[in-house]
Amino acid sequence: MQRFVVAALAAVLSVVTVSAQAPKGWKIRADRSTSATDPDAAGTIKFETMGQGLHATNPQAATYFNPANTASGNYTVKGTFTLVKPSGHTNYYGLAFGGSELDGAGQNYLYFLVAQDGTFLVKHRAGDATHDVVAKTPSDAVKKPDASGKSVNALEVRVHADKIEFAVNGTVVGSTPKSGMAAKTDGLYGIRINHQLEVHIDGLAVTKG
């Protein structure tokens with residue numbers, strides 16, 4: 001099983017309210033790895049405002065959300081993700097959407113993520129279980145880290161009446177019918193970042209239509 005799957009599935013969950021320096025109302029749901037072959041890094045999660053954006057340092061994987069941030073109907077959720085410090089192996093980061101009960105045992109959401117190896121994926125989470133919506137796929141649209149270790153990827157989830165499109169840096173890299181595991185798109189939107197990553201997020205927002 002791929003390490004990113006282990007990190008997502010084999011975890012002990014906790015929800016905490018972020019410190020006062022973070023945006024008001026934001027919460028963190030941490031997923032602590034229980035895998036001896038893919039352990040978390042030392043230290044604690046940090047989530048703070050930095051410049052005009054948000055900055056996450058993730059020794060453990062986490063989902064970040066603000067209960068005030070919701071979207072419904074046809075909409076686009078977007079954000080620009082700068083990978084500041086890649087991990088020693090492939091880990092994913094990006095957008096979460098269609099969320100409910102994110103601070104409880106019945107958590108349910110979809111997430112569209114990219115990784116430093118130039119791949120993306122779309123998954124559905126229900127409780128502790130995750131399911132592939134769009135399997136791990138390579139794309140030239142996903143920028144890999146440069147010589148400094150940084151990369152910048154602008155992600156968009158475009159929810160239409162009958163389908164969902166996923167775009168990286170303006171290029172649609174995949175889509176799925178709005179049915180089955182991907183049927184529920186109304187709800188909370190936020191950020192998902194796996195462990196051992198440092199990521200800066202700018203322009204997290206939703207537009208209607």
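**Exercise 1. Decide whether Phe-166 is buried or exposed, and describe the ring with which it pairs.**

Solution. In this predicted model, Phe-166 has a relative accessibility of 1%, and because buried means under 20%, Phe-166 counts as buried. The next step is to look for a partner: a search of the whole structure finds 7 aromatic pairs, and in one of them Phe-97 and Phe-166 come together with 6.4 Å from centre to centre and 50° between the planes. An angle that is neither under 30 degrees nor over 60 is classed as tilted, and this pair is accordingly a tilted one. Phe-97 also has a relative accessibility of 1% and therefore counts as buried. Finally, consider the positions in the chain: Phe-97 belongs to strand E7 (residues 92-100) and Phe-166 to strand E12 (residues 163-168), so the pair ties together parts that are 69 residues apart in sequence.

**Exercise 2. Classify the pair formed by Phe-112 and Phe-120, and say which cluster these rings belong to.**

Solution. The centres of Phe-112 and Phe-120 are 6.1 Å apart, with 80° between the planes, and the pair is edge-to-face. Both Phe-112 and Phe-120 are buried. Putting the rings of both exercises together, Phe-97, Phe-112, Phe-120 and Phe-166 form one aromatic cluster.

**Exercise 3. Find which residues of the largest nonpolar core touch the most other members, and where the largest share of this core comes from.**

Solution. The largest nonpolar core has 39 residues, and those that touch the most other members are Tyr-64, Phe-97, Phe-112, Val-157, Phe-166, Ile-191 and Ile-193. Strand E6 supplies the largest share of this core, with 4 residues. Apart from this core lies another, of 10 residues, among them Tyr-92, Ala-96, Tyr-109 and Leu-113. Returning to Phe-166, and leaving aside residues up to four places away in sequence, one finds that the residues touched by Phe-166 include Phe-97, Phe-112, Val-122, Val-134 and Val-157.

**Exercise 4. Work out how the side chains of strand E11 (residues 151-159) are arranged, and which strands pair with E11.**

Solution. Begin with the side chains, which alternate along the strand: Ser-151, Asn-153, Leu-155, Val-157 and Val-159 point to one face and are buried, whereas Val-152, Ala-154, Glu-156 and Arg-158 point to the other face and are not buried. Next, take the neighbouring strands in turn. Strand E6 (residues 75-85) runs antiparallel to E11 and is joined to it by 9 bridges, and here Lys-78 stands opposite Glu-156. Strand E12 also runs antiparallel to E11, with 5 bridges between the two, and Leu-155 stands opposite Val-168 of E12. The connection between E11 and E12 is a hairpin through 3 residues.

**Exercise 5. Locate Gly-187 and list the residues that it touches.**

Solution. Gly-187 is in strand E14 (residues 187-193), and at 17% relative accessibility Gly-187 counts as buried. Its contacts, not counting residues up to four places away in sequence, are Asn-69, Thr-70, Ala-71, Gly-98 and Gly-99. For Ala-71 a distance can be added: the C-alpha atoms of Gly-187 and Ala-71 are separated by 5.6 Å, although the two residues are 116 residues apart along the chain.

**Exercise 6. State the mean pLDDT of the chain, and identify stretches where the pLDDT is below 50.**

Solution. The mean pLDDT of the chain is 88, and 86% of its residues reach 70 or more. Over residues 1-14, however, the pLDDT is below 50, and this stretch has 40 contacts in the model beyond near neighbours in sequence. Residues 16-21 also have a pLDDT below 50, with 11 such contacts. Where pLDDT is low, the predicted coordinates should not be read in detail.

Methods:
Residues are numbered from 1 along each chain as its sequence is written. Side-chain values use heavy atoms; hydrogens and water are left out. Rings of Phe, Tyr and Trp (its six-membered ring) pair if their centres lie within 6.5 Å; planes under 30 degrees apart count as stacked, over 60 as edge-to-face and the rest as tilted. Buried means under 20% relative accessible area, exposed over 50%, partly exposed in between (1.4 Å probe, protein chains only). Two strands pair if DSSP finds at least two bridges between them. A nonpolar core is a set of buried Ala, Val, Leu, Ile, Met, Phe, Trp, Tyr and Cys residues joined through side-chain atoms within 4.5 Å. Contact means heavy atoms within 4.5 Å. pLDDT is the predictor's confidence in each residue, from 0 to 100.
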